[in-house]
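Open the structure in your viewer and keep the selection panel at hand. The tour goes from stop to stop, saying what to select and what is there.

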2 protein chains.
Amino acid sequence: MRSSHQVRVGGSVNSNFGGLEAGGSKFVCVIGSGPENVQAERTIPTTTPNETIGQAEAFFREHQPISALGIASFGPIDLDPNSQTFGYITSTPKKNWANTEFAGRIKRVLNVPVAFDTDTNAAALAEATWGNARGLHTFLYLTVGTGIGGGGMMAGQPLHGLSHPEMGHLRLPHDSKRDPYKGACPFHGDCLEGLAAGPALIGRWGQPGENLPPNHPAWPLEAQYLALGIANIIYTLSPQRIILGGGVMKQTTLFPMIRREVQQILRGYLRLTAIIDEIDDYIVPPRLGDRTGVLGAIALAKKAIGEC
Amino acid sequence: MRSSHQVRVGGSVNSNFGGLEAGGSKFVCVIGSGPENVQAERTIPTTTPNETIGQAEAFFREHQPISALGIASFGPIDLDPNSQTFGYITSTPKKNWANTEFAGRIKRVLNVPVAFDTDTNAAALAEATWGNARGLHTFLYLTVGTGIGGGGMMAGQPLHGLSHPEMGHLRLPHDSKRDPYKGACPFHGDCLEGLAAGPALIGRWGQPGENLPPNHPAWPLEAQYLALGIANIIYTLSPQRIILGGGVMKQTTLFPMIRREVQQILRGYLRLTAIIDEIDDYIVPPRLGDRTGVLGAIALAKKAIGEC
């Protein structure tokens, strides 16, 4: 059966895979097998589940045969294979999308293996396969954009437990005298995401991050909150490297600020060479840039059939 | 060679193992193979490395043959097999103990396999082997005593990364109006350990936790800080269960308070049955009680030779 989904080229097996990055504002669909081989791509605005998932299904049907499909989804999602709602988007505040069947529906339509994980765990897998996490067993991928999400690996396995991480909601020290902004998270107010994701920049400064110049006071404050969150994750996971992606991190002036703040917050307690002397190589951007998410979906698909 | 360390009983192999729980105030040494089989035990006060480690070595020499030794150590410790200081206690503020060779020294004296991990990862392994974490792949063991430390497993592997976790030093919201106490951590002041370990109880209330009655205002505040730390760990690791041990947790009135606070802090964001409906079974004490640490050392020893 599997050979029907593969194209033989010069005696070797060249499979094609589907990758779907399902985000809160858009779905990105690609066909390919890695960063050097993306053959087709389509971007679909995220409207209702039926419309958006239906258009994604149509794209992948047009590009059959594919050997497997990977879905890198916004969350929270149900990753428990024993659950009635395995493969669903669960308690998202996003209108129309709570309790939406997702992976199972696509699998029925396409009839290929479908792998399903969070967008950040998928991005982490992409960086482990082709990017800045190659050779590492334990690392963090944190995305800072419309929301904040964390994924990664420990001992070479994706971060899964009772469910998946929700690092955006870490609770942090918040000095209301320095920063009276109450926070933008509908659940917790001033959690990490509430203080440091894109909507917090708009709420606090009246304009989006991309309009704020590198010397704006927004950035030292942003770096401080991100560094507090990162320090908490270091204390919990002890990652070998931290990759920071997402729209807010396009303000690259944040990287040196965050590195300095992380060192300040740890205050010499962790006397590790990586953090003290080699922090430029410890806190880094993703190598795969904007394509980290959708390439993560491709990596999930390849892994699902043992090719990655 | 291995048979020389084993005692054959009725045709089956009954190995003896050494377990050493190395704490900041005492070393506990045992000989045995599990909770139902502890044959000898000695407690040694922690003074200088030469004196204390020397006495532990003497105990295990007296009880040779043993098949392997496990060490569950206070930290920070060096767990990187490629490091020059692998098996050392590293940057501890404890007088005389910084940069102390430990596992290698004992291995040279006893000439058996020696396994080395943090006291909390070892305790977690004990609970996974004989206690409240049996059958779980991802869980947290948090000890709250003179200090606060976290260990556990993810995907069935101990929590190791760049180094080991240091969950005691998580940074949390600290409302100085409600609680003006500055915190007891020499590195960070008001980190989790600085606000909630034993010395913070003494510093804030003028007496140790064991003297404070269950209705003392110390306990709701203590539960709040511990719950904030636990919530941050849930957001990062997504453990299937949380085991809380250590001296401070002997005030068992803390358990229901912490469970309620964790639910409050998460505020419905994680709609997981384990946390909403089954929290009495989600946040629990260790099954092995005071012996969790030293039995963890035995479990490390057994694992080192593939018997656990």
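The stops below cover the two copies, a loop residue, a set of strands, two helices and the cores.

**The two chains**

This is a predicted model. Begin with both chains, coloured separately. Chain B superposes on chain A by a rotation of 180° with 0.0 Å of shift along the axis, at an RMSD of 0.0 Å. The two copies are thus related as by a two-fold rotation axis. To find that axis from chain B, select Pro173(B): its C-alpha is the nearest to the axis in that chain, 2.0 Å away. Both copies use the same surface, since 100% of the contact residues of chain B recur in chain A.

**Arg171(A)**

Next, select Arg171(A), in the loop between β12 (157–158) and α4 (192–196) of chain A. Is Arg171(A) buried or exposed? Its relative accessibility is 12%, so Arg171(A) counts as buried, the cut-off being under 20%. Now show what Arg171(A) touches, leaving out neighbours within four places in sequence. In its own chain the contacts are Asp190(A), Cys191(A) and Asn232(A). From the other chain come Arg171(B), Leu172(B), Pro173(B), Leu228(B), Asn232(B) and Ile265(B).

**Strands β3, β4 and β5 of chain A**

Select residues 26–34 of chain A, which form strand β4. Eight of these nine residues are buried, so the strand is largely enclosed by the rest of the structure. Add residues 17–22, strand β3(A), which pairs with β4(A) in the antiparallel sense over six bridges. A hairpin of three residues joins β3(A) to β4(A). Then add residues 37–45, strand β5(A), whose pairing with β4(A) is also antiparallel, over eight bridges. Here the hairpin between β4(A) and β5(A) runs through two residues.

Which residues stand opposite Val28(A)? Glu21(A) does so from β3(A), and Thr43(A) does so from β5(A).

**Helix α5 of chain A**

Move to residues 198–205 of chain A, helix α5, and pick out Gly198(A), Ala200(A), Leu201(A) and Arg204(A), which are buried. Viewed down the axis of α5(A), the buried residues fall within an arc of 160°, so they line one face of the helix. An α-helix has 3.6 residues a turn, so residues three or four places apart point the same way. The cover over the buried residues of α5(A) includes α4 and α6 (218–237) of chain A. After the helix comes Gly206(A), with a positive phi near 80°.

**Helix α2 of chain B**

Switch to chain B and select residues 103–110, helix α2, where Ala103(B), Arg105(B), Ile106(B) and Leu110(B) are buried. They cover an arc of only 160° around the axis, which puts them on the same side of α2(B). Among the elements covering them are β3 (17–22), α1 (49–62) and β6 (69–73) of chain B, along with β8 (100–101) and β9 (114–118). Just past α2(B), Asn111(B) has a positive phi of about 55°.

**The nonpolar cores**

Finish inside the structure. The largest nonpolar core has 100 residues, and Ile258(A) and Ile258(B) have the most contacts inside it. Select Ile258(A) and, leaving out residues up to four places away in sequence, show its contacts: Ala223(A), Leu226(A), Ala227(A), Ile230(A), Leu244(A), Met249(A) and Ile283(A). Another core, of 29 residues, lies apart from the largest one. Its members include Val28(A), Trp130(A), Ala133(A) and Leu295(A).

Key:
Residues are numbered from 1 along each chain as its sequence is written. Chains are lettered from A and ligands numbered from 1 in the order in which they are written. This is a predicted model: local features need pLDDT of at least 70, side-chain atom pairs count only at pLDDT 80 or more; totals for chains, interfaces and linings use all residues. Side-chain values use heavy atoms; hydrogens and water are left out. Buried means under 20% relative accessible area, exposed over 50%, partly exposed in between (1.4 Å probe, protein chains only). Helices (H or I, at least four residues) and strands (E, at least two) are DSSP runs, numbered from the N terminus. Two strands pair if DSSP finds at least two bridges between them. The arc is that of the directions from the helix axis to the C-beta atoms. Contact means heavy atoms within 4.5 Å. Copies are superposed by least squares on the C-alpha atoms of residues with pLDDT of at least 70 in both. A nonpolar core is a set of buried Ala, Val, Leu, Ile, Met, Phe, Trp, Tyr and Cys residues joined through side-chain atoms within 4.5 Å.
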